[in-house]
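Let's take a friendly walk through a protein model, from its overall build to a handful of residues. Please have the sequence and the 3D view ready.

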Amino acid sequence: MKSHAKGRIGELAVRKSLLQQGYDKVYIPDVDTEQVDLIVEQDNGQFRRVQVKTVSKQKTGTSIEVNMTKYQKTGRVDVVAVYYAPKDMIAYVPYENQNSINLALTTGKNNQRKGRNWFYEYERFPEFS
């Protein structure tokens, strides 16, 4: 499957998930040239810009990684929706200008748990005030 098609499937999965979470005001820009895939209006009237990243394979045996270098310091992304296609799962990570996002799916061979960002911790869209 072509990468554009994979990305589109990820965007559709995120839209479905947001609707299931009660966000019925999800807007789609006409053209994806400004690094914004979706705009979500929260109940408090605040708008959040969402960049959807579709991942089809793990970076390591226990985690996935998304490169965010081109979004750093642009001020264009509030939330990164990471769609992990093989498991049909989505993590909504508040974006804080990091150059990559690494999310653990399972415990490592050394049983390390502390200090890891777990995919399941980000299953709900974050509410900002």
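What radius of gyration does the protein have, and what would a compact globule with 129 residues have? The protein has 15 Å, which agrees with the value near 14 Å for a compact globule of 129 residues. Here the radius is taken over C-alpha atoms, and the globule rule is 2.2 Å times the number of residues to the power 0.38.

A word on ground rules. This is a predicted model, in which local features need pLDDT of at least 70 and side-chain atom pairs count only at pLDDT 80 or more, while totals for chains, interfaces and linings use all residues. Residues are numbered from 1 along each chain as its sequence is written, and side-chain values use heavy atoms, with hydrogens and water left out.

## The overall build

The protein has one helix and seven strands. Read from the N terminus, the order is α-β-β-β-β-β-β-β. These elements are DSSP runs numbered from the N terminus: helices are H or I with at least four residues, and strands are E with at least two. Along its principal axes, the C-alpha trace spans about 45 × 35 × 30 Å.

Of the 129 residues, 39% count as buried. Buried means under 20% relative accessible area, exposed means over 50%, and partly exposed is in between (1.4 Å probe, protein chains only). The protein exposes about 8100 Å², with carbon and sulfur atoms supplying 46% of that area. Accessible areas come from the Shrake-Rupley method with a 1.4 Å probe, and for residues only the protein chains shown count as cover.

Among contacts with a separation of 6 or more, 56% are between residues 24 or more positions apart. Contact means heavy atoms within 4.5 Å.

As for charges, the mean positions of the 20 positive and 15 negative ones are 9 Å apart. Lys and Arg count as positive and Asp and Glu as negative, whereas His and the chain ends are not counted. Each charge is placed at NZ of Lys, CZ of Arg, CG of Asp or CD of Glu.

## An aromatic cluster

The structure holds four aromatic pairs. One of them joins Tyr23 and Phe125, an edge-to-face pair with 5.2 Å centre to centre and 65° between the planes. This pair links distant parts of the chain, with Tyr23 in the loop between helix H1 (3-20) and strand E1 (26-27) and Phe125 in the segment after strand E7 (100-104), 102 residues apart. Tyr23 counts as buried because its relative accessibility is 7%, and Phe125 is buried at 4%.

Phe125 also pairs with Tyr92: the ring centres are 5.6 Å apart and the planes stand at 70°, so this pair is edge-to-face. Here too distant parts of the chain are linked, as Tyr92 sits in strand E6 (residues 89-94) and Phe125 in the segment after E7, 33 residues apart. Tyr92 is buried, as is Phe125. Together, Tyr23, Tyr92 and Phe125 form one aromatic cluster. Rings of Phe, Tyr and Trp (its six-membered ring) pair if their centres lie within 6.5 Å; planes under 30 degrees apart count as stacked, over 60 as edge-to-face and the rest as tilted.

## Two residues with positive phi

Neither residue in this table is a glycine.

| Residue | Phi | Place | Relative accessibility |
|---|---|---|---|
| Asp88 | near 50° | loop between strand E5 (79-84) and E6 | 54%, exposed |
| Asn97 | about 65° | loop between E6 and E7 | 37%, partly exposed |

## Three more residues to find

Ile9 lies in helix H1 and is partly exposed at 40% relative accessibility. Apart from neighbours within four places in sequence, Ile9 is in contact with Met1 and Tyr83. Ile9 and Tyr83 are 74 residues apart along the chain, and their C-alpha atoms are separated by 9.2 Å.

Is Phe119 buried or exposed? At 2% relative accessibility, Phe119 counts as buried. Phe119 is found in the segment after E7. Beyond neighbours within four places in sequence, its contacts include Ile64, Val82, Leu103 and Leu105.

Ser56 sits in the loop between strand E3 (47-55) and strand E4 (63-67), and is partly exposed at 42% relative accessibility. Not counting residues up to four places away in sequence, Ser56 touches Lys6, Tyr84 and Pro86.
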